[in-house]
Amino acid sequence: MKSTPLSLIAGVVALAAVTGFAALAVPGDDGATEAKAAARLPVERSSLLCPAPSTSDLAETTYTSFTPAAKDGPKDGTAELKAAEALPADEDEPDDGKTGDADDKADADDKKKTDADDKEKAADSKPVVSLKDLGKPVTAETSKSGAPALVGTATDRFAPGWTTQQTTTAAAGGARGLLGVSCTAPDTDFWFPGASTGASRQDYVHLTNPDDTAAVADIELYGAEGPLKSDVGEGITVPARSSVPLLISTLTGEAAENVTVHVTTRSGRVGAVVSAAEDEVGSDWLAASADPAGTQILPGIPADATSVRLVAFAPGEDDADVKVQLLGKNGTFSPAGNDTLHIKSQMTASVDLKNVTRGEPGSLRLTPTDGSRTPVVAALRVVRGTGAKQEVAFIPATGPVGERATVADNRAKGSVLSLTAPRKTAKVKVTASAGSEGGEAAVKTYTVKGGTTLEVTPEAPAGLKGGYALTVETESGGPVHAARTLTIPEGGIDMFTVQTLQDDGGTVEVPEAEQDLSVLDD
């Protein structure tokens, strides 16, 4: 039997660290070498995509990038976000018959334009945000109208747990509000229940391509009666390292108040997120729901919510019947008159839960009523305030924090962390990082009783200057789901945004071989 080179083994480990999966077979071994106990290793590369923030002249956007501190691991690495490239302009000009001096002038103008374009490209190639240290966030700001989407990669020591928050404050105008989103990893499949093609909404789906080749995406829309007819939702090309915003109402001629958007790619991968602006109510980002599942958790409904709407969708061939429960401060109960929801296959269902939390923080749990576990996706539209002082945010169904999850851009005032344990009691450790401009990290442990939601104001870092990140780690007990609400008063309105926290996938399992392949004889 030939020996297996050490480089092969190292390659398998590296593959797993980058992709999350690896398998090793020894030629001629006929499966005798099997995986035993899997080791967990830190990922070596992470990608994030941030959508174009705003076209408003009155908007101000803050980017906060962060990787949690680590006791050991690689010493090198980078984490940078750069501007996505603008779509290429049509360079074919019509021939108008001009010659001589006119042509010379045109050539000179073309050269000036080319020089200006080269300078702009050079500026765009510089990182907008670049991390320098673990455990300390870095921020960048822009008030530029039409600021671009960002694409970025973290490698080696900065890759495990890398996160970036994009927060935009729009003080006035049709898109008024506090718009927050955790920049997303590229993927091939996204579900967005809670969008709309109604007259009072202007919702855009932003598709960002991080790769060097074009991606091709399809967008399907589903209303209360089923699929919405669309002739332009298929075969959407997203050029390499570029971003394309699409007004959802232009993809169909049908107006629907509650719509589920399904984004898939037939080639390549994209980051996808929906911006939603509602007349006289405000605006925010709608992040993708957790993958279709029989049970879904939607954490972090504010105690003072004045209106909560649940939007759910069953993507399969079967209808779904789900039990609707609120996990409150002291226990679990079903909203009066809305204890169950019937979701017809491939039809968007919605229910107005009104002020379901009644002055106490809560989270929503959807579970199957008949044991069939028909998979669903879900999101909440949440409103705080009344009349002219309303403000809207969205909470998608989300997975548990798992081993570790982080949300960046927390302020000295206005950050609230919601923790819910839908099953067993759990203990979590919450770390408030050092501030972006100074301060020392603070750590506190919380116990979350099973079937309840615990809302806490995080202990800010000592001597805090700038913003900070919050990292939640499960120490014992059952799964915990979490969300952070950020509130910023503006013009007499408590503008707010809610970001859910999911396991950061900072480590991957790498199987260990039963044999020591480095000592096999030739």
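This passage describes charged pairs, a charged surface patch and some loop and strand residues of the structure shown above.

The structure is a predicted model, in which local features require pLDDT of at least 70 and side-chain atom pairs count only at pLDDT 80 or more, while totals for chains, interfaces and linings use all residues. Residues are numbered from 1 along each chain as its sequence is written, and side-chain values rest on heavy atoms, with hydrogens and water left out.

Side chains of opposite charge can pair when their charged atoms come close. Twelve salt bridges are present in the structure, a salt bridge being a side-chain nitrogen of Lys or Arg within 4 Å of a carboxyl oxygen of Asp or Glu. One of them joins the side chains of Arg269 and Asp211, with an N to O distance of 2.9 Å. Because Arg269 is placed in the loop between strand E16 (259–267) and strand E17 (271–278), and Asp211 in the loop between strand E11 (201–208) and strand E12 (215–223), this pair ties together parts that are 58 residues apart in sequence. Strands (E, at least two residues) and helices (H or I, at least four residues) are DSSP runs numbered from the N terminus.

A salt bridge is also formed by the side chains of Asp218 and Arg266, at 2.8 Å from N to O. Here Asp218 belongs to strand E12 and Arg266 to strand E16, so the pair ties together parts that are 48 residues apart in sequence. The accessibility of these residues is described with three terms: buried (under 20% relative accessible area), exposed (over 50%) and partly exposed (in between), with a 1.4 Å probe and protein chains only. On this scale Asp218 is buried, with a relative accessible area of 14%, whereas Arg266 is exposed at 53%; Arg269, at 29%, counts as partly exposed.

A further salt bridge links Asp409 with Arg411, whose closest N and O atoms are 2.7 Å apart. In this pair Asp409 is buried, with a relative accessible area of 3%, and Arg411 is partly exposed, with 26%. In addition, a network of salt bridges links Arg40, Glu403 and Glu509.

Apart from these pairs, Glu317, Asp318, Asp319, Asp321 and Asp370 form a negative surface patch. Such patches are made of residues with over 30% relative accessible area and no salt bridge, where like charges are joined within 9 Å and nonpolar side chains (Val, Leu, Ile, Met, Phe, Trp, Tyr) within 5 Å. Asp and Glu count as negative, and Lys and Arg as positive, whereas His and the chain ends are not counted. Within the patch, Glu317 is found in the loop between strand E20 (305–313) and strand E21 (320–327), and Glu317 is exposed, with a relative accessible area of 78%.

Ser345 is located in the loop between strand E23 (340–343) and strand E24 (348–354) and counts as buried at 18% relative accessibility. A polar atom of the Ser345 side chain lies 2.5 Å from the backbone oxygen of Gly316. The loop between E23 and E24 also holds Gln346, a residue other than glycine with a positive phi near 60°; at 29% relative accessibility, Gln346 counts as partly exposed. In strand E24 is Lys354, which likewise is not a glycine and has a positive phi of about 55°. Lys354 is exposed, with a relative accessible area of 54%.

Conventions: Areas by Shrake-Rupley, 256 points an atom, 1.4 Å probe, with all protein chains shown as cover. Charge placed at Lys NZ, Arg CZ, Asp CG, Glu CD. Polar contact = N/O pair within 3.5 Å; in protein donor to acceptor, adjacent residues only side chain to side chain.
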